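Reader: Please take me through this chain one question at a time, giving the cut-off behind each term as it comes up.

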Amino acid sequence: MPNSNAKLHSNHRGGREASRRELVSRSLQSAQYCLENQDFGTAYAHYLLVVNLAPELKTTVKETFQFTLFKWAEELDSLARIQDLFNCYEQALELYPNDEVICNSMGEHLFRMGFRDEAAGYFHKAVKLNPDFADARENFYRVANWLVERWHFIMLNDAKRNLTYLRAIESAVRSGSRSVLDIGTGTGILSMFAKKAGASFVYACELSKTMYELARDVVAANNMEREIKLLHLKSLDIEIPKHIPERVSLVVTETVDAGLFGEGIVESLIHAWEHLLLQPK
């Protein structure tokens, strides 16, 4: 009897495998037929089924899958079916999470629709996946020009400004401020000043996806990615202990514009005083 049961199980597994192969084969044929007839939506659905049922074929069908996705996305875009378009890209990126071509295409759609910050995130990921991908690199620089105004570069290279911040942060840390929150971290420079000054815990938040990704790169380039916790959040949305374990002893920020209050510094500091800073002794 045990041998008989084992044979039944083996036959059952073999039957399921044969059914899977048959379904994959039929789906591939249907996908190719739909593609030839420019029925991109149905072809895309069939390719999704194929890749889900037969992950071993992901590399084989990759280029055709991409082509089908892009054609179907163009059609959805022309029909203003924006949510369906994004759903297709999310499905594709679940199957090919490290595909720079799909990331770049997603970014292009987002950019055309005005979601520049989100687009920058996808372009940046595409460039990180393949630094030689010229289209993605050009797209990233283009969207960065929209998001980062030129005066930022002058400000970041202002040695006097930087030294003043550094000395102020060093003084505060020496006076006992061991945990620091950097609001609107930008490139992460103030957070790195705090860590170099000897702060035990440094947290930094940045709402802009572009600047958040940039800060991650800068912090990693300075070998501080394990010492500075970066949050892609607005400071008003930070919760304790969900995002940071406890209140901090020092807040640093430079969320000011030429008119001083244009970046909401008053609101963010009031919120930090009430919810994120240790109360004065």
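Author: Accessibility comes first: a residue is called buried under 20% relative accessible area, exposed over 50%, and partly exposed in between, with a 1.4 Å probe and protein chains only. The model is predicted, so local features need pLDDT of at least 70 and side-chain atom pairs count only at pLDDT 80 or more, whereas totals for chains, interfaces and linings use all residues. Residues are numbered from 1 along each chain as its sequence is written, and side-chain values use heavy atoms, leaving out hydrogens and water.

Reader: How many helices and strands are in the chain, and what percentage of its residues count as buried?
Author: Helices (H or I, at least four residues) and strands (E, at least two) are DSSP runs numbered from the N terminus, and the chain has twelve helices and four strands. Of its 281 residues, the share that counts as buried is 40%.

Reader: Which residues have the most contacts inside the largest nonpolar core?
Author: A nonpolar core is a set of buried Ala, Val, Leu, Ile, Met, Phe, Trp, Tyr and Cys residues joined through side-chain atoms within 4.5 Å. The largest has 41 residues, and helix 1 (2–36), helix 2 (40–53), helix 3 (58–78), helix 4 (82–95), helix 5 (100–112), helix 6 (116–129) and helix 7 (134–147) each supply at least two of them. A second, separate core of 19 residues includes Ile169, Met192, Ala194 and Ala204. In the largest core, the residues with the most contacts are Tyr44, Tyr47, Phe65, Leu69, Tyr89, Tyr96 and Ile102.

Reader: What is Tyr44 in contact with, leaving aside its neighbours within four places in sequence?
Author: Contact means heavy atoms within 4.5 Å, and Tyr44 is among the core residues with the most contacts inside the largest core. Leaving aside those neighbours, Tyr44 is in contact with Phe65, Thr68, Leu69, Trp72, Cys88, Gln91 and Ala92.

Reader: Where does UniProt place the TPR repeat, and how far apart are the end C-alpha atoms of that span?
Author: An unreviewed UniProt entry places "repeat: TPR" at residues 100–133; such positions follow the numbering used here, feature names are shortened, and annotations may be inferred rather than shown by experiment. In the model the span is 79% helix and 0% strand, and its end C-alpha atoms are separated by 8 Å.

Reader: Is Ala119 buried or exposed, and which residues does Ala119 touch beyond four places in sequence?
Author: Ala119 lies in helix 6 and counts as buried because its relative accessibility is 0%. Its C-alpha atom is 8.4 Å from that of Asn104, 15 residues away along the chain. Not counting residues up to four places away in sequence, Ala119 touches Gly107, Leu110 and Phe111.

Reader: Which residues are joined by a cis peptide bond?
Author: Most residues other than glycine have a negative phi, and most peptide bonds are trans. In the loop between strand 3 (228–231) and strand 4 (250–253), where Pro241 is placed, omega is about 5 degrees for the bond joining Ile240 and Pro241.

Reader: What are the relative accessible areas of Ala80 and Asn223?
Author: Ala80 is in the loop between helix 3 and helix 4 with phi near 60 degrees, a positive value in a residue other than glycine. Asn223, in the loop between helix 11 and strand 3, likewise has a positive phi, near 55 degrees. Ala80 is exposed because its relative accessible area is 57%, and Asn223 is exposed because its value is 64%.
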